Amino acid sequence: QMSTLPLVDVAKYLVLSVVWSVVPFGSEVFYGLFQGVTDEAVGAVLELPFSRACELEADEVGMRIAAQACFDPSKVAGFWTYKAIVDPHGEHEHPILEFLSTHPGSAARTENLARTLASAQETLRTSSLCEKFR
């Protein structure tokens, strides 16, 4: 995903080159506005989804590590379920706000962890280390 950013930069500079050729004077103001707007748009469309995906992956890895350390992985998913109930209007809970955020909402995290919970529970169940704590 990050490899598309240089292509976006090239496209922005092509547009700016055309504008500079048409409007040679005062184009610095336009450049500043254009650069700011396109940076934010590119960030929202390309970078934030990548960041949210990394957060979801980090949740999965954390749940797997918790299982390997003999902790019940269902408690990880339970935490995000609890957070969604306690703070249903949190900063990442509205779909538009979640789209503009670096982190997924609690509901998205709960759904993602629910899909990987069986695998983490199997890790916990089959761990030879965890047998000592049963």
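Buried means under 20% relative accessible area, exposed means over 50%, and partly exposed lies in between, with a 1.4 Å probe and the protein chains only. The model is predicted, so local features need pLDDT of at least 70 and side-chain atom pairs count only at pLDDT 80 or more, while totals for chains, interfaces and linings use all residues. Residues are numbered from 1 along each chain as its sequence is written, and side-chain values use heavy atoms, with hydrogens and water left out.

**Exercise 1. The chain as a whole**

Find how many helices and strands the protein chain has, and state what share of its residues is buried.

Solution. Begin with the secondary structure, where helices (H or I, at least four residues) and strands (E, at least two) are DSSP runs numbered from the N terminus. On this basis the protein chain has five helices and zero strands, and its pattern along the sequence reads α-α-α-α-α. Next, take the burial of the chain, in which 28% of the 134 residues count as buried. The surface comes last: the protein chain exposes about 8800 Å², by the Shrake-Rupley method with a 1.4 Å probe, and carbon and sulfur atoms supply 67% of this area.

**Exercise 2. The largest nonpolar core**

List the residues of the largest nonpolar core, and determine which helix gives the most to this core.

Solution. A nonpolar core is a set of buried Ala, Val, Leu, Ile, Met, Phe, Trp, Tyr and Cys residues joined through side-chain atoms within 4.5 Å. The largest one has nine residues, namely Met-63, Ala-67, Ala-77, Trp-80, Leu-113, Leu-117, Ala-120, Leu-124 and Cys-130. Helices α2, α3 and α5 (106-126) each supply at least two residues of this core, and α5 gives the most, with four residues. For a closer view of one member, take Trp-80 and count as contact any heavy atoms within 4.5 Å. Leaving aside neighbours within four places in sequence, Trp-80 is in contact with Asp-59, Ser-106, Arg-109, Thr-110 and Leu-113.

**Exercise 3. Helix α5**

Compare the expected span of α5 with the distance between its end C-alpha atoms, then locate its bend.

Solution. The expected span of a helix is 1.5 Å times one less than its number of residues. For the 21 residues of α5 this comes to 30 Å, and because the end C-alpha atoms are 29 Å apart, the two values agree. The bend at a residue is the angle between axes fitted to the seven residues ending there and the seven starting there, and α5 bends by about 45° at Thr-116. The buried residues of α5 are Ser-106, Arg-109, Thr-110, Asn-112, Leu-113, Leu-117, Ala-120 and Leu-124. As background to such a list, an α-helix has 3.6 residues a turn, so residues three or four places apart point the same way.

**Exercise 4. The disulfide**

Identify the cysteines joined by a disulfide, and work out why this disulfide is called left-handed.

Solution. A disulfide is a pair of cysteine sulfur atoms within 2.5 Å, and a search of the whole structure finds one. This disulfide joins Cys-70 to Cys-130, with a distance from S to S of 2.2 Å. The torsion about the S-S bond is about -100°, and the disulfide is therefore left-handed. The pair links distant parts of the chain, 60 residues apart, with Cys-70 in the loop between α2 and α3 and Cys-130 in the segment after α5. Looking at each partner in turn, Cys-70 has a phi near 75°, a positive value in a residue other than glycine, whereas Cys-130 counts as buried because its relative accessibility is 3%.

**Exercise 5. The loop between α4 and α5**

Decide whether Pro-104 is buried or exposed, and find how far its C-alpha atom is from that of Ala-53.

Solution. Pro-104 is placed in the loop between α4 (95-99) and α5, and its relative accessible area is 3%, so Pro-104 is buried. The C-alpha atoms of Pro-104 and Ala-53 are separated by 8.1 Å, although the two residues are 51 residues apart along the chain. Ser-51, found in helix α2, is 53 residues from Pro-104 in sequence and 8.9 Å from it in space, C-alpha to C-alpha. Ser-51 is partly exposed, because its relative accessible area is 23%. The loop between α4 and α5 also holds Ser-101, which is buried at a relative accessible area of 7%. Ser-101 and Arg-52 are 49 residues apart in sequence, with 7.7 Å between their C-alpha atoms.
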